[in-house]
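Visitor: I would like a close look at a single part of this model, the open sheet in one of its chains. Please take me through how that part is put together and what surrounds it.

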Amino acid sequence: MKDYFLLAFNNLKHRGLRSWLTILGIFIGIAAVVALISLGQGLKEAITGQFSTLSADRLVITSAETGFGPPGSTAVKKLTERDLDVIKEVQGIEKIISRLLRVVKAEYNNELNFIFTASIPNNKEGAEAVYEAFNLKVEKGKKLEAGVKGKVILGSDIASSNTFDKKIEVGKQIKIQDKDFEVIGILKKSGSFQVNQVILMNEEDMKDILNIKDEIDIIAVQVSDKDRIEDMAEEIKRKLRQDRNQKEGEEDFSVQTPVQALSAINTILNIINLIVTGIAAISLLIGGIGIANTMFTSVLERRKEIGIMKAVGAKNKDVLKIFVIESGLLGLVGGIGGALIGLSLAYLTSFSANSALNTDLFKVSPSVPLLVASILFAIIIGIIAGLIPSYQASKLKPVDALRQ
Amino acid sequence: MSEQIIKLKDVCKIYQMGETEVKALYNVSIDIEKGDFVAIMGPSGSGKSTGLNLVGSLDLPTLGNIYLDSQDISHLTESELAQIRGQKIGFIFQQFNLIPNLTAKENVMLPLLFQGIDKEERESRAEELLNLVELQDRMEHYPNQLSGGQQQRVAIARALANNPEVILADEPTGNLDTKTGEKVLEFLNKLNEKGTTIIMVTHDQDLAKEHAKTIYSLKDGSLEGVYKRTGKSWKKL
């Protein structure tokens with residue numbers, strides 16, 4: 001059998017350029033599949049990274065319309081301490097955190113910027129819950145603990161020269177709403193831009209500089225039994241409606257469950273996957289047709305050679321073997337090359353996308369099973385594409401094949 | 001009486017060309033003895049190549065029977081025929097018919113591959129045969145790096161690879177000049193002296209008369225005459 005492989009390989013080698021051109025079809029097909037799937041997973045991770053606040057056991061309550069955006073000075077009723085107390089009455093709450101999220105005027109090195117600022121709760125448990133929920137890691141300096149006033153920590157984009165022209169180091173003073181704050185820590189770059197572009201400060205400080213009395217922007221509830229999360233969302237809605245004396249459908253607040261958001265993400269990802277699969281299928285089909293075409297031509301051109309092989313004792317199945325191995329080898333080489341090119345392409349794309357957008361969200365997820373599967377698939381395509389031409393070759397009558 | 005190796009009994013080969021039937025061979029009966037050197041002669045279109053293809057089991061007769069070593073090969077499957085060709089028959093063609101992608105040595109090794117012989121033995125056998133045809137210094141050359149005479153000698157070595165009982169040569173000197181042609185025939189004579197049966201198709205009467213022991217003359221698909229050599233003279237049977 002090894003000798004048949006050598007013979008087949010020899011044949012391909014001697015058709016040099018043509019073999020490579022044939023492989024090109026499979027090459028492109030497999031490269032597209034590998035690149036798109038590797039990036040597709042990266043894309044999925046990038047998107048889910050954006051929603052890192054979402055967790056299967058967490059509910060988010062906001063006043064209607066504002067959402068995560070900057071709360072305008074509209075007539076919308078803000079959430080208050082009273083609402084917090086109402087929600088606390090619902091059974092099955094493990095943790096509850098109230099937070100402020102506002103845009104502030106920040107000044108550094110005589111440069112002015114408007115930046116999102118989020119509050120760190122004043123109690124220790126709440127502060128820790130915030131660090132945990134957003135997976136916040138301090139890269140330089142230290143954490144802003146509960147109750148520490150007059151100090152802030154910055155998201156990585158704020159500290160880098162992306163926001164202010166001059167980089168901000170730990171220990172520097174930054175002026176927020178005309179009050180000086182000391183930078184005591186800088187966060188590690190995260191998958192979520194919300195985390196990278198935020199200033200974190202003490203809740204009391206924030207209320208103080210923005211002159212906030214009894215207002216809450218976001219209430220996050222961690223539930224003890226995540227299977228009951230939908231029921232609890234309904235319960236919270238009901239209680240708040242009752243307290244505010246509102247009818248169903250007229251609420252001026254919203255309770256966001258992770259299921260809603262995640263199903264929306266999944267729909268998007270499924271569409272992306274469908275498109276990727278479609279493109280891949282088309283390119284592989286074309287690759288397969290390319291191999292079939294080359295093998296048909298090859299059989300026509302090598303009629304005489306087939307005749308000679310038969311004259312010196314090659315049986316039909318010997319000829320079939322040689323031709324099937326040849327087309328399988330075309331698939332194999334195309335598959336390996338395509339997988340390598342596809343992977344490099346994925347890395348190149350992620351690198352350029354990341355440098356262009358200045359993030360590290362577009363990750364490539366190389367997967368060994370994917371590579372192996374696509375190479376195997378390429379071999380199978382090669383073999384299938386080569387079957388009919390090879391069968392034709394094997395069935396040639398020697399006397400006809402030799403007459404040329 | 002010596003042993004028969006090939007027997008054609010009332011063999012017809014008829015091709016259908018559109019509406020008309022072409023009788024390439026019609027009712028030909030031939031007995032060839034082991035160790036003979038046969039020349040099949042005749043003008044073009046006389047059916048001599050068709051006859052050679054049938055004897056070489058490259059083609060099957062429309063009617064009649066062909067026996068090789070007393071085995072009727074007229075109704076075998078393609079795979080069975082391939083087996084017989086590989087083991088009992090060696091072919092030499094006018095156009096040499098070497099495989100261009102393979103070196104001289106690899107070409108000679110090819111028939112052995114199809115008999116399932118392992119690589120080491122194939123190599124040593126091929127080297128031995130290329131020595132025999134005096135091409136020991138051309139083993140790694142590709143066909144297009146060899147002269148016509150050298151290519152035909154590679155073809156002879158290839159034909160001998162499986163120790164065949166019969167060598168079939170279709171105008172083996174047709175593409176060669178007289179001198180190289182002589183050399184090729186010299187090898188065929190040597191083989192014949194060692195007992196290999198040679199059947200050669202040629203239209204060159206001098207060549208046939210000089211080397212063959214028996215001459216079959218074909219005309220329009222039928223046997224016109226059989227001539228046997230006795231010493232220097234020829235006798236029509």
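Guide: What follows is a walk through the sheet of chain B, then its helices, one loop residue and the side that touches chain A.

Please keep in mind throughout that this is a predicted model. The secondary structure of chain B comes to seven helices and 11 strands, and seven strands form the open sheet, in the order 6-7-8-3-9-10-11, with mixed pairing. Strand 6 (89-92) and strand 11 (233-236) of chain B stand at the edges; each has a single partner strand, so one side of each is left without a neighbour in the sheet. From one strand to the next, the twist averages 20 degrees.

Within this order, strand 3 (residues 37-41) and strand 9 (residues 214-219) of chain B pair in the parallel sense, over four bridges. In this part of the sheet B:I40 stands opposite B:Y216, a residue of strand 9 of chain B.

Two helices can be described by how they pack on the sheet. Helix 1 (residues 48-55) of chain B touches strand 3, strand 7 (166-170), strand 8 (197-201) and strand 9 of chain B, and its direction makes about 150 degrees with that of strand 8 of chain B. Helix 5 (residues 148-160) of chain B also packs on the sheet, where it touches strand 6 and strand 7 of chain B, and its direction makes about 170 degrees with that of strand 6 of chain B.

Leading into strand 8 of chain B is a loop that follows helix 6 (178-193), and B:K194 lies in that loop. B:K194 counts as exposed because it has 8 C-beta neighbours inside 10 Å, where 12 or fewer is the cut-off. Although B:K194 and B:G35 are 159 residues apart along the chain, their C-alpha atoms are separated by 8.3 Å. For chain B as a whole, 69% of the contacts between residues at least 6 apart in sequence join residues at least 24 apart, and 49% of its 237 residues count as buried.

Beyond the sheet, there is also the side of chain B that touches chain A: 21 residues of chain B are in contact with 17 residues of chain A. Helix 2 (78-88) and helix 3 (104-113) of chain B each supply at least two residues of that side, and helix 2 of chain B gives the most, with six residues. By class, this side of chain B has nine nonpolar, seven polar and five charged residues.

Note on methods:
Residues numbered from 1 in each chain as written. Chains lettered and ligands numbered in written order. Predicted model: local features only at pLDDT ≥ 70, side-chain atom pairs only at ≥ 80, totals over all residues. Pairing = 2+ DSSP bridges. Axes fitted to C-alpha atoms, helices over the stretch in contact; angles between N-to-C directions. Contact = placed C-beta atoms within 7 Å. Nonpolar A, V, L, I, M, F, W, Y, C, P; charged D, E, K, R; others polar. Buried ≥ 20, exposed ≤ 12 C-beta atoms within 10 Å, placed from the backbone.
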